[in-house]
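Subject: Structure for you to look at, with notes

Dear colleague,

I am passing on the structure we spoke about, and I would be glad if you could keep it open while you read the notes below it.

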Amino acid sequence: MGYPAEAPKLSMRLPLSVTVHHNTFLEDGLDDAIEAYDRRREAAHPNAAQRYVTEFGLAEPYGWSEDKARQYTHPERADFGAYVRRIGFRLD
């Protein structure tokens, strides 16, 4: 109980300019903003390993966006909804 012995790691987020759009979606500058985010995140929290190397090979650089692209090529935790319903949650 009490405070953690060390300060928790902060999880970096994409800039609001990438994630928030008002009345329209514009792709202007998104690629550059995501690439800059990849570089900042890699400097702060390097990926320990690359996902699905046998399928996609090694990527250099391997940033957050490449990791997410690879992650979403395979269903993960597809049974999670059934699990939480089974233990009593309603997902209406």
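What follows is a description of the structure, from the overall fold to single residues.

Please bear in mind throughout that this is a predicted model.

**Overall fold**

The protein contains five helices and zero strands, so that its pattern, read along the sequence, is α-α-α-α-α. For the 92 residues of this chain, a compact globule would be expected to have a radius of gyration near 12 Å, whereas the value for the protein is 18 Å. Taken along the principal axes, the box filled by the C-alpha atoms is roughly 45 × 40 × 40 Å. Buried residues account for 15% of the 92 residues, and, when one counts contacts between residues at least 6 apart in sequence, 32% of them join residues at least 24 apart.

Two separations give a sense of how the parts are laid out. Asn-23, which sits in the loop between α1 (16–19) and α2, has its C-alpha atom 36 Å from that of Glu-60, although the two are 37 residues apart along the chain. Asn-23 is also exposed, with a relative accessibility of 86%, which is over the 50% cut-off. The second pair is Glu-76 and His-21, which are 55 residues apart along the chain and have C-alpha atoms separated by 28 Å.

**Backbone features to check**

Three places in the backbone deserve a look when you go through the model. The peptide bond that leads from Glu-60 to Pro-61 is cis, its omega being near 0 degrees, and Pro-61 belongs to the loop between α3 (53–56) and α4 (64–71).

Tyr-52 is not a glycine, yet its phi is positive, at about 50 degrees. Tyr-52 is located in the loop between α2 (30–44) and α3, and it counts as partly exposed because its relative accessibility of 29% falls between the cut-offs of 20% and 50%.

Arg-77, likewise not a glycine, has a positive phi of about 60 degrees. Arg-77 is part of the loop between α4 and α5 (80–86), and its relative accessible area of 60% is over 50%, so Arg-77 counts as exposed.

**The largest pocket**

The volume of the largest pocket comes to about 250 Å³. Its lining is made up of 15 residues, of which Glu-42, Glu-60, Pro-61, Tyr-62 and Gly-63 are the closest to the centre. Both partners of the cis peptide bond, Glu-60 and Pro-61, are therefore to be found in that central group. By class, the lining holds five nonpolar, four polar and six charged residues. Helices α2 and α4 each contribute at least two residues to the lining, and α2 gives the most, with four.

**The buried side of α4**

Which residues of α4 are buried? In this helix, Asp-67, Lys-68, Arg-70 and Gln-71 are buried. These residues lie on the same side of α4, because the arc that they cover around the axis is only 160 degrees. Among the elements that cover the buried residues of α4 is α3.

Asp-67, within helix α4, is a good residue on which to follow this up. Its relative accessibility is 9%, and since that is under 20%, Asp-67 counts as buried. Leaving out residues up to four places away in sequence, Asp-67 touches Arg-51 and Tyr-62, and Tyr-62 is also one of the residues closest to the centre of the largest pocket.

**Glu-76 and its contacts**

Glu-76 is placed in the loop between α4 and α5, and at 37% relative accessibility, a value between 20% and 50%, it counts as partly exposed. If residues up to four places away in sequence are again set aside, Glu-76 touches Arg-51, Tyr-52 and Gln-71. Arg-51 is thus touched by Glu-76 as well as by Asp-67. Of the other two contacts of Glu-76, Tyr-52 has the positive phi described above, while Gln-71 is one of the buried residues of α4.

With best wishes

Definitions and conventions
Residues are numbered from 1 along each chain as its sequence is written. This is a predicted model: local features need pLDDT of at least 70, side-chain atom pairs count only at pLDDT 80 or more; totals for chains, interfaces and linings use all residues. Side-chain values use heavy atoms; hydrogens and water are left out. Buried means under 20% relative accessible area, exposed over 50%, partly exposed in between (1.4 Å probe, protein chains only). On a 1 Å grid over the protein atoms alone, a cavity is a set of points where a 1.4 Å probe fits but cannot get out, and a pocket is an open set with protein on both sides within 12 Å along at least five of seven lines; lining residues have an atom within 4 Å of a point. Grid points are joined across faces, edges and corners, and a volume is the space filled by probe spheres set on the points. Ala, Val, Leu, Ile, Met, Phe, Trp, Tyr, Cys and Pro count as nonpolar, Asp, Glu, Lys and Arg as charged, and the others, Gly among them, as polar. The arc is that of the directions from the helix axis to the C-beta atoms. Contact means heavy atoms within 4.5 Å. The radius of gyration is taken over C-alpha atoms; the globule rule is 2.2 Å times the number of residues to the power 0.38.
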